[in-house]
Amino acid sequence: MRTKTILLTLLLLILIFGSCKKATPDIIEDTQDTSPPYTVTIDSIVDPYIGQLPMLRNTRMMGRTVPFIQDSKEFFLAGGTQWCGNTQHTILPLLLFGNQNGKWSLMSELSSVQMGEFRNWEYLPDGSGFVVAETGPEWCDITWPYGHIYLVRFKNGGLEWTKISQNKSFYHDVSAGDINGDGIFDIVGSHIGTRNGNTDNPHIYLGKSDGTFQEQINILPRTPSGDDGGDVEIFDIDKDGINEIVHTGSNPTYTQEVYAYFKFNKQQNVYTKAILMNKPIPQNLPTETYDDTRLRKFIYNNFKGYMPTGKRFHDFNNDGKLDFIQERDGLTVWYGEGSGNFRAVRINEQGKQDPVTQLPIFPNYNMSGHDIIDLEGDKDPDVIPVILNFGNMNNITEIDLSRMIFINDGGTFKRLNSQKYKIPKAEFIQSTPTYLQPFIRDGKLHFRGYLNLYSYPDFRNIRYVTIKTNIRASYWY
């Protein structure tokens, strides 16, 4: 009887262990993966619209892009206007691209939308669309026209656009969420300059039951700190079950980080303001790197998240306290220590160039934004910056993807140390990508970005590059 009981117990443990194993990532050594470290694909996309406007061919430049998935198909939106060198000051419409059979093509030009570029965006929590904000073109020779905020919904296989702002501002960031507890999501937009008489920063657009939005004008309390623009996110920062408007800024020298938040008092119908943090940004950079031989190949049984671009708040070191990451001349992680105290650790800084050779002299490129992606299967949030450019295109000979990958190693961020992901410039047709963004396809880390205009014979071809790596990846949440 005792032997039978032991056998039954062992069988039960085996069944429990097997069921638990299916719920977690399967991890094996990376050395068993014989696939090439990376592959580069370049699509030459014909632009049928610009061919009708020969005087504007050189003004078509793709900047930031907004990627999204609809009906299991990949798309991205791109701005279509070059800022400087556009002597006619023409704002070209947005472009919609789709991926068909592994190849990118131009689907349509969105001439009905009054937006020519993107600054920042945020996906709606339910995956039904996103909100986007525009600064407007930064003309070199005339007054900047500023831009708008839009809500974009996926509808009937297409996109439904709603203009949220009625007056233009230099909108720098945007976020969506319920800030007044009525169960309807609202939209807030941080700006660096406005001409509409609303001195609040950020601007608040309250959602109404009929699906429209009402701008709230001059209702936020003002203090000397934290009112100078920057980023914004709707988030329950004090963990009381009610969202706050978290607004970030800095001093003019970018050496001091300021985090403030606005909280809505439903009984008194007013907003209060508190300074979450006002501290100097550390200038010392970590030198320890992450050896690529420690990477693991893993397979997630369940896909998590909907492309969490640019999110800031996480528990990076898994100690139960809220941390956040902020971009200010690079990336800094602020580790929460409780009682409102934060410990800052610099991850990287903007790439610097040798004044003579114009080659990058610091192992980080010029960035603008970031993505949170799990590259180890350990459910720790790793960070990959969105690259703005790689330096002077005439001088650089390669780009190194490992400079863009920062591994969260037990709460400490380390840049990936590898020789595998150096891509010669020749593989980009002697050019370098612009706005290279990380994303995940088929469980692997990819990058995509605008390469250049194909100038012969008629400036109608857009080159777009996709880089596939052998690094297994999943969105973190």
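Before I begin, one definition: when I speak of helices and strands, I mean DSSP runs, with at least four residues for a helix and at least two for a strand, numbered from the N terminus. Counted that way, the protein in this predicted model has one helix and 34 strands.

Let me stay with the whole chain for a moment. Of its 477 residues, 51% count as buried, and the surface that the protein exposes comes to about 21700 Å², of which carbon and sulfur atoms supply 52%. If we take the contacts in the protein with a separation of 6 or more, then 55% of them are accounted for by residues that stand 24 or more positions apart.

Now I would like to walk through two of the sheets, and a general remark may help here: strands of a sheet pair through backbone hydrogen bonds, either parallel or antiparallel.

The sheet I take up at the start is an open one of four strands, in the order S3-S4-S5-S6, and its pairing is antiparallel. Its edges are strand S3, residues 65-70, and strand S6, residues 103-110, each of which pairs on one side only. From one strand to the next, the twist averages 25°. If you look at strand S5, residues 94-100, you will find that seven bridges join S5 to S6, the two running antiparallel, and that Leu96 has Ser108 in S6 as its bridge partner.

Further along we come to another open sheet of four strands, ordered S7-S8-S9-S10 and again with antiparallel pairing. Here the edge strands are S7, at 120-123, and S10, at 158-163, and each of these pairs on one side only. Neighbouring strands of this sheet are turned against each other by 20° on average, with direction ignored. Strand S9, covering residues 149-155, pairs with S10 in the antiparallel sense over six bridges, and Leu151 stands opposite Thr162 in S10.

Finally, please look at the loop between strand S8, residues 129-133, and S9, where Gly136 lies. Is Gly136 buried or exposed? Gly136 has a relative accessible area of 0%, and because buried means under 20%, this glycine counts as buried. As for what surrounds this position, once the neighbours within four places in sequence are left aside, Gly136 is in contact with Trp83, Tyr146 and Gly147. A further position to look at is Tyr171, which is 35 residues from Gly136 along the chain, while the C-alpha atoms of the two are separated by 8.1 Å.

Key: Residues numbered from 1 in each chain as written. Predicted model: local features only at pLDDT ≥ 70, side-chain atom pairs only at ≥ 80, totals over all residues. Heavy atoms only, no water. Pairing = 2+ DSSP bridges. Axes fitted to C-alpha atoms, helices over the stretch in contact; angles between N-to-C directions. Buried < 20%, exposed > 50% of the residue type's maximum accessible area, 1.4 Å probe, protein only. Contact = heavy atoms within 4.5 Å. Areas by Shrake-Rupley, 256 points an atom, 1.4 Å probe, with all protein chains shown as cover.
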